[in-house]
Amino acid sequence: MENSEGVKIESTVVSEEPLISALDIGLFIVIITVAYFWYFKRDKKSSSSEKKPYTIQPSSLSSIEQTSNSSFIKKLKSTGRSLVVFYGSQTGTAEEFAGRIAKEGARYKMKGMVADPEECDMADLVEMKEIQKSLAIFCIATYGEGDPTDNAMDFYEWLQNGDADLEGLNYAVFGLGNKTYEHYNEIAIYIDQRLEELGATRVHEIGLGDDDANIEDDFVSWKEKLWESVCAHYGIEETGEESNIRQYKLVDCSDVLPERIFSGEISRLKSYENQRFPFDVKNPYLSKILVNRELHKSGDRSCMHIEFDIDGSKMRYDTGDHVAVYPKNSSELVDKIGKLLNADLDTVFSLLNTDEESSKKHPFPCPCTYRTALTYYLDITSNPRTHIMKELIEYASDPKDQEKLKLMASSTPEGKKEFHEWILRDNRNIVHILEDLPSVKPDLDHLCELLPRLQCRYYSISSSPKVYPKSIHITAVLVDYVTPTNRINKGVATNLLAQLKPTIDELPQPTIPIYIRRSQFRLPPKSQTPIIMIGPGTGLAPFRGFIQERDYARKEGREIGEMVLYFGCRKKDEDFIYENELQEYVANGTLTKLHLAFSRDQPEKQYVTHLLEQNADELWNIIGGKNGHLYVCGDARSMAKDVHSIIVKVVMEKGQMTNSQALNYVKKMEQQKRYSADVWS
């Protein structure tokens with residue numbers, strides 16, 4: 001028998017032995033399995049490497065040395081240290097507190113170091129007992145809806161999933177939170193309890209800092225008692241030596257080539273000239289401003305609708321996400337500092353960590369000019385903390401200025417009162433302090449070391465990617481007010497945004513660095529699920545995106561559930577933002593109900609909370625009868641708390657429950673993501 005190619009095929013072979021044997025099949029499966037795992041493992045590595053943020057590579061260490069040097073125990077042992085202070089920080093405050101504790105350790109014969117848990121092998125905590133009189137302190141912030149900060153996530157999960165024996169580990173915890181949020185200091189409380197469960201010894205009780213009140217006061221009070229406990233636990237005494245020792249030393253960089261000097265980049269040199277995906281907190285995207293228009297119809301306040309261009313960036317967002325905007329300080333304030341200190345702001349300099357073992361070589365991208373540092377990297381508009389008052393004392397030539405600074409830096413009742421009134425109540429920033437205490441002339445490099453980092457500002461995205469895949473919209477109120485000392489304070493980000501208005505004729509168009517931060521504030525998976533949205537003022541922002549997304553689904557022919565919106569503002573004719581859009585959604589049926597509260601359009605003020613109480617039946621019908629979702633966005637201090645109380649009351653009355661049953665019902669809604677809040681204080 002021959003086939004069409006003229007090749008003989010023995011019929012006996014065909015009939016007695018199949019073309020593919022069992023052995024062939026087995027080998028084939030093995031090959032496919034190996035190939036599968038090799039491909040996906042490689043893909044996973046590739047993906048993780050893409051997500052790794054860019055970092056500033058210090059000149060004294062190679063990237064390989066940095067990666068391998070993750071053992072904080074080895075650093076402690078090799079440098080004769082016994083104190084390590086870990087920080088979980090999202091905005092830099094916890095990191096600042098950690099640095100202050102480590103610095104003060106010298107006064108108690110405990111040489112300290114600051115450590116980022118993300119860069120450490122936290123399993124090494126089991127070896128802390130090998131170091132005599134050792135102590136681990138954790139300054140941990142709670143972020144979002146009771147979440148750990150990004151850099152503390154791995155440590156948090158290690159504690160949750162591990163069962164390490166931490167007997168012999170001595171520790172203390174200070175938490176940073178905000179009482180206006182439900183999950184107040186949840187992560188710090190968990191870490192404090194979990195360390196004890198694993199056998200560690202608590203040297204001092206947990207401290208809970210409240211950023212809604214005076215977190216600086218909370219921290220200082222806790223820190224003083226901490227050292228008392230440390231002295232008692234280890235049988236040591238304070239040396240009495242002050243710890244005003246510089247953490248960074250000044251380096252002259254006048255000979256550095258211009259192309260090696262940072263000019264405002266967050267991490268990677270020339271990152272705004274050579275943009276690389278992925279874009280994140282260390283590597284923001286330089287976005288063009290497409291639209292910047294006023295939303296208020298009249299009045300002396302301003303609310304902006306701004307659209308950022310993300311076309312070609314490969315960035316993707318979901319409805320409910322946040323966008324981070326990187327601001328810069330006004331040139332007017334920066335110039336004032338230069339004049340007050342008689343400094344040349346265009347001098348190129350660098351600050352290098354005096355601790356050679358520290359993974360943080362610079363406080364911000366260096367080398368750069370003083371002008372760049374004060375414009376892009378340092379916070380010069382917030383109220384300075386007490387440790388800055390203390391460091392400024394040595395620069396005061398007038399005894400009266402010196403005494404005032406000493407008083408505010410002290411922890412006495414009189415000192416705390418003076419700090420609260422002169423700094424916090426009168427809302428003074430570092431520029432105001434230098435103006436009002438004219439004999440205080442700190443070295444500019446030391447001031448740059450002391451001031452905290454300028455942080456990005458987060459805004460709820462007010463658009464849907466289904467409708468606007470190539471742009472991100474935000475809704476922002478311009479911050480501009482007069483302080484008790486008759487100075488005008490301006491919001492760093494909103495005043496910058498107000499100036500960035502695109503024009504048809506002028507090129508290049510204005511740009512600003514941004515990145516997308518993921519959120520848990522999400523629409524229900526099913527478009528048929530009914531929802532209630534409560535968002536007065538700019539709290540409307542994410543709901544504009546929610547409505548757009550549901551409207552898109554409706555136009556596609558999909559069934560959508562009820563959408564009820566509660567919106568409030570001062571006056572209908574002044575600040576009813578997106579009025580025409582909302583009325584159009586009501587007209588086409590996307591928005592089922594629009595409840596409006598204009599607080600100052602009648603003699604008695606009316607808020608969205610009043611309307612909620614009036615519509616208790618509708619509220620219970622959706623969340624109780626139809627298993628709907630409820631969303632709140634806006635002020636956490638009063639509005640969100642009042643809404644929560646009303647919801648509990650409605651559940652009690654309409655659901656015929658006791659107070660504890662109603663609280664449990666609402667708690668279950670939160671756990672099921674049927675009750676979500678995106679709030680700020």
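In which helix does Ala373 lie? In this predicted model, Ala373 belongs to helix α10, which spans residues 370–377. Ala373 is buried, because its relative accessible area is 0% and the cut-off for burial is under 20%. Beyond the neighbours within four places in sequence, Ala373 is in contact with Phe349, Phe364, Cys368 and Leu378. Asp445 is 72 residues away from Ala373 in sequence. In space, the C-alpha atoms of Ala373 and Asp445 are 10.0 Å apart.

A second region is built on a sheet. This open sheet has 5 strands, in the order β21-β20-β19-β22-β23, and the pairing is parallel. Strands β21 (593–598) and β23 (675–680) stand at the edges. Each has a single partner strand, so one side of each is left without a neighbour in the sheet. On average, neighbouring strands are turned by 10° against each other, direction ignored. Within the sheet, β19 (residues 531–534) pairs with β22 (residues 629–635) in the parallel sense, over 4 bridges. Ile531 has His629 of β22 as its bridge partner. Helix α22 (residues 639–654) packs on the sheet and touches β19, β22 and β23. The direction of α22 makes about 150° with that of β22.

Two further helices, α17 (residues 541–555) and α19 (residues 579–587), cross at roughly 35°. Their axes come within 12 Å, and the crossing is left-handed. From α17, the contact involves Arg544, Ile547, Gln548 and Asp551. From α19, Glu581, Leu582 and Tyr585 take part. The residues of this contact divide into 3 nonpolar, 1 polar and 3 charged.

Which residues of α19 are buried? They are Glu579, Leu582 and Tyr585. These residues lie on the same side of α19, because they cover an arc of only 130° around the axis. An α-helix has 3.6 residues a turn, so residues three or four places apart point the same way. The cover over the buried residues of α19 includes α17, β20 (563–569), α18 (572–575) and β21. Thus β21, an edge strand of the sheet, is also part of the cover of α19. The face of α19 turned away from the buried side carries Asn580, Glu584 and Ala587, which are exposed. After α19 comes Gly589, with a positive phi near 95°.

How values were computed
Residues numbered from 1 in each chain as written. Predicted model: local features only at pLDDT ≥ 70, side-chain atom pairs only at ≥ 80, totals over all residues. Heavy atoms only, no water. Pairing = 2+ DSSP bridges. Helix = DSSP H or I, 4+ residues; strand = E, 2+ residues; numbered from the N terminus. Axes fitted to C-alpha atoms, helices over the stretch in contact; angles between N-to-C directions. Contact = heavy atoms within 4.5 Å. Buried < 20%, exposed > 50% of the residue type's maximum accessible area, 1.4 Å probe, protein only. Left-handed = near helix turned anticlockwise from the far one by under 90°. Nonpolar A, V, L, I, M, F, W, Y, C, P; charged D, E, K, R; others polar. Arc of directions from axis to C-beta.
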